[in-house]
Amino acid sequence: MNNKFKNAFERVTQECPPIWMMRQAGRYQKGYMAMKEEWSFEQMCKLPRLASQVAMLPIDQFDFDIAILFSDILFPIEGLGVPLKFDPGPKFEWHINEENYKDHSNIELAVKHMQFQARAVTATREVLPAKKSLIGFVGGPWTLLNYAIGKDAKVSLGWKTKYMNEVITPLLVRNIHLQLDAGAEKVMILDSGVGNMSESYFKKHYVNILQQMIQTDTGYYTQHLNSRCLPTLYKMGWAGIGVDSTVDLKNTFKKYKDGFIQGNFDEKLLLLPREECRAHIEEYINTLQGVDRTGWVCGLGHGITKETPEENVTMFVEMIRERFTSL
């Protein structure tokens with residue numbers, strides 16, 4: 001386990017935060033693209049040895065403190081019986097609706113399907129240095145539902161709530177336990193698709209859905225959530241939270257005192273020419289000077305984009321460590 005990450009989720013004050021980035025293993029890396037010439041994305045996720053090799057790429061290249069299971073949030077929907085392919089983005093052969101949902105409600109079969117993730121976690125832990133941490137992840141219920149029903153879905157809000165409560169969320173809870181039992185230290189719930197959710201639905205219904213997923217070792221990341229929902233989110237009892245780059249990180253440090261806080265440098269700024277990128281990193285660091293950063297896990301507001309220069313990622317890691325170690 002990484003000591004800096006342990007300090008973050010136990011809320012032990014430290015100068016330098018642990019660092020990891022969403023999608024830290026991916027198409028922006030030359031090493032990843034070299035593997036893609038030999039293997040498909042599905043093979044890289046589902047064959048444990050390959051999944052561990054991919055997960056190790058950013059650890060070896062950038063010395064991140066935390067490795068992440070290499071997988072995809074949509075495999076549980078595949079486990080529910082909806083054929084999935086990546087070409088290169090995800091495409092379901094059909095979508096779930098109010099007419100066919102009973103054909104896609106077998107949680108036990110879906111959990112059996114997800115065993116490849118457990119094997120990938122175990123394989124990654126075996127090759128990961130002891131001083132590094134390993135986390136898993138699942139998608140958030142609403143985000144998975146959005147993908148499962150498709151963009152042009154004509155389904156009722158009541159049915160959405162029912163399907164999340166009865167199928168998607170129980171499946172995700174089992175998926176979380178599967179990853180934790182295999183060796184993940186924490187599991188992040190990545191709920192980046194909640195931008196189309198109303199404040200009233202979040203507070204009246206979605207909080208109760210999410211409550212089923214809260215345990216000692218689950219964190220929750222959201223993107224574009226209505227800002228008026230954040231105070232409710234902070235009080236729910238997560239092991240930690242992740243916030244996007246639109247959220248004031250300094251204010252989050254003041255208001256969230258229950259676990260780690262992951263984020264939230266704007267990933268788009270890593271696309272800039274080196275010196276412009278350096279200036280933005282410097283500005284980001286300066287805004288956090290003199291702030292109580294207890295619990296901070298340094299990262300991005302969302303995932304690294306495929307066009308990101310590798311040297312900018314190296315620069316980000318080096319600057320964070322240099323500035324927050326010399327205070």
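Visitor: What share of the chain counts as buried?
Guide: Of the 327 residues in this chain, 56% count as buried. Keep in mind as we go that this is a predicted model. Buried here means under 20% relative accessible area.

Visitor: Why is the chain called as compact as a globular protein of its length?
Guide: Its secondary structure comes to 14 helices and nine strands. The chain's radius of gyration is 19 Å, and the globule rule gives 20 Å for 327 residues; the two values are close, so the chain is as compact as a globular protein of that length. As for its extent, the C-alpha trace spans about 60 × 45 × 35 Å along its principal axes.

Visitor: How many of the contacts join residues at least 24 apart in sequence?
Guide: The share is 73%, taken among contacts between residues at least 6 apart in sequence.

Visitor: Let's look at two helices. Why is α8 called roughly perpendicular to α9?
Guide: The axes of α8 (residues 141–149) and α9 (residues 157–182) come within 10 Å and cross at roughly 115 degrees. Angles of 65 to 115 degrees count as roughly perpendicular, and that makes α8 roughly perpendicular to α9. Their crossing is right-handed.

Visitor: Which residues meet where α8 and α9 come together?
Guide: From α8 come Pro141, Trp142, Leu144, Leu145 and Ile149, and they meet Leu157, Trp159, Lys160, Tyr163, Met164, Ile168, Thr169 and Leu172 of α9. Sorted by class, the residues of this contact are 11 nonpolar, one polar and one charged.

Visitor: And what makes α4 and α7 oblique to each other?
Guide: These two helices pack at an angle of about 55 degrees, with their axes 8 Å apart. Under 35 degrees would count as roughly parallel, and 65 to 115 as roughly perpendicular. The angle of α4 and α7 belongs to neither class, and they are therefore oblique to each other. The crossing in which α4 passes α7 is right-handed.

Visitor: Which residues of α4 and α7 meet?
Guide: Pro48, Ala51, Ser52, Ala55 and Met56 of α4 meet Arg119, Ala120, Ala123, Thr124 and Val127 of α7. That contact has seven nonpolar, two polar and one charged residues.

Visitor: Threonine 124 is in that list. How do you know whether it is buried or exposed?
Guide: Its relative accessibility is 0%, and buried means under 20%, so threonine 124 counts as buried. This residue is found in helix α7 (residues 115–127). Leaving aside residues up to four places away in sequence, threonine 124 touches Ala51, Ser52, Ala55 and Leu134.

Visitor: What about aspartate 63: why is it called partly exposed?
Guide: Partly exposed lies between the 20% and 50% cut-offs, and aspartate 63 has 36% relative accessibility, so it counts as partly exposed. Its place is in the loop between α4 (48–62) and β1 (66–68). Aspartate 63 also has a positive phi of about 60 degrees, although it is not a glycine.

Visitor: Why does histidine 224 count as partly exposed?
Guide: At 48% relative accessibility, histidine 224 is under the 50% cut-off and over the 20% one, so it counts as partly exposed. Histidine 224 lies in the loop between β6 (218–222) and α11 (230–234). Its phi is positive, about 65 degrees, although histidine 224 is not a glycine.

Visitor: Where is the peptide bond cis, with omega near -15 degrees?
Guide: That is the bond from aspartate 87 to proline 88. Proline 88 has its place in the loop between β2 (84–86) and β3 (90–92). The bond from glycine 263 to asparagine 264 is cis too, with omega near -10 degrees, and asparagine 264 is in strand β8 (residues 260–265).

Note on methods. Residues numbered from 1 in each chain as written. Predicted model: local features only at pLDDT ≥ 70, side-chain atom pairs only at ≥ 80, totals over all residues. Heavy atoms only, no water. Axes fitted to C-alpha atoms, helices over the stretch in contact; angles between N-to-C directions. Helix = DSSP H or I, 4+ residues; strand = E, 2+ residues; numbered from the N terminus. Parallel < 35°, antiparallel > 145°, perpendicular 65-115°, else oblique. Left-handed = near helix turned anticlockwise from the far one by under 90°. Contact = heavy atoms within 4.5 Å. Nonpolar A, V, L, I, M, F, W, Y, C, P; charged D, E, K, R; others polar. Buried < 20%, exposed > 50% of the residue type's maximum accessible area, 1.4 Å probe, protein only. Rg over C-alpha atoms; globule rule 2.2 N^0.38 Å.
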